[in-house]
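This report describes the fold, the surface and the charged side chains of a single protein chain. Please examine the sequence and the structure before reading on.

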Amino acid sequence: TAFGWGDIGHGAVGYIAEKKLTPKAKQLVYQILGPEPLAVAAVFPDHVRSDSRFAAMAPFHFFEIPMGFTAHTLP
């Protein structure tokens, strides 16, 4: 069982991920997300989850990995 990470956990992952991006990848991310750092953008899906204007984004909030698989071995 996993527990929610909240804003601090999501922001920390976004911060670390941004530091690991290559310059080319960072440019692409900023083209998609705009100028906000990933630490800020990482909390957005939680904040708009109950807003019907963003219902189309719901499937992108997370994905489940069945027991016995990894992200690389999904069927």
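How many helices and how many strands does the secondary structure of the chain come to? The model, which is predicted, has four helices and zero strands. Following the sequence from its start, one reads the pattern α-α-α-α.

**Overall dimensions and burial**

Taken along the principal axes, the C-alpha atoms of the chain fill a box of roughly 35 × 30 × 25 Å. The chain has 75 residues, and 13% of them count as buried. Its accessible surface comes to about 6,500 Å². Carbon and sulfur atoms account for 67% of that surface. Contacts along the chain can also be sorted by sequence separation: among those between residues at least 6 apart in sequence, 33% join residues at least 24 apart.

**A nonpolar patch**

Which residues make the nonpolar surface patch of about 310 Å²? The patch is made by Leu28, Ile32 and Leu33. Leu28 is found in helix α2, which covers residues 23-33. Is Leu28 buried or partly exposed? Leu28 counts as partly exposed because its relative accessibility is 48%, a value between the 20% limit for buried residues and the 50% limit for exposed ones.

**Charged side chains**

The chain carries 6 positive and 6 negative side chains. The centres of these two sets lie 11 Å apart. The count of salt bridges comes to two, and the table lists both pairs with the distance between their closest N and O atoms.

| Salt bridge | Closest N and O atoms |
|---|---|
| Asp46 and Arg49 | 2.8 Å |
| Arg53 and Asp51 | 2.6 Å |

The accessibility of each partner may now be considered. In the pair formed by Asp46 and Arg49, Asp46 is partly exposed because its relative accessible area is 26%. Arg49 is exposed, with a relative accessible area of 57%. In the pair formed by Arg53 and Asp51, Arg53 has a relative accessible area of 68% and is therefore exposed. Asp51, at 21% relative accessibility, counts as partly exposed. Why is Asp51 not classed as buried? The class of buried residues requires a relative accessible area under 20%, and Asp51 has 21%, so Asp51 counts as partly exposed.

**Summary**

The predicted model thus shows a chain of four helices and zero strands, a nonpolar surface patch made by Leu28, Ile32 and Leu33, and two salt bridges.

Note on methods
Residues numbered from 1 in each chain as written. Predicted model: local features only at pLDDT ≥ 70, side-chain atom pairs only at ≥ 80, totals over all residues. Heavy atoms only, no water. Patch = residues over 30% accessible without salt bridge, like charges linked within 9 Å, V, L, I, M, F, W, Y side chains within 5 Å. Areas by Shrake-Rupley, 256 points an atom, 1.4 Å probe, with all protein chains shown as cover. Salt bridge = Lys/Arg side-chain N within 4 Å of Asp/Glu carboxyl O. Helix = DSSP H or I, 4+ residues; strand = E, 2+ residues; numbered from the N terminus. Buried < 20%, exposed > 50% of the residue type's maximum accessible area, 1.4 Å probe, protein only. Contact = heavy atoms within 4.5 Å. Lys, Arg positive; Asp, Glu negative; His and termini not counted. Charge placed at Lys NZ, Arg CZ, Asp CG, Glu CD.
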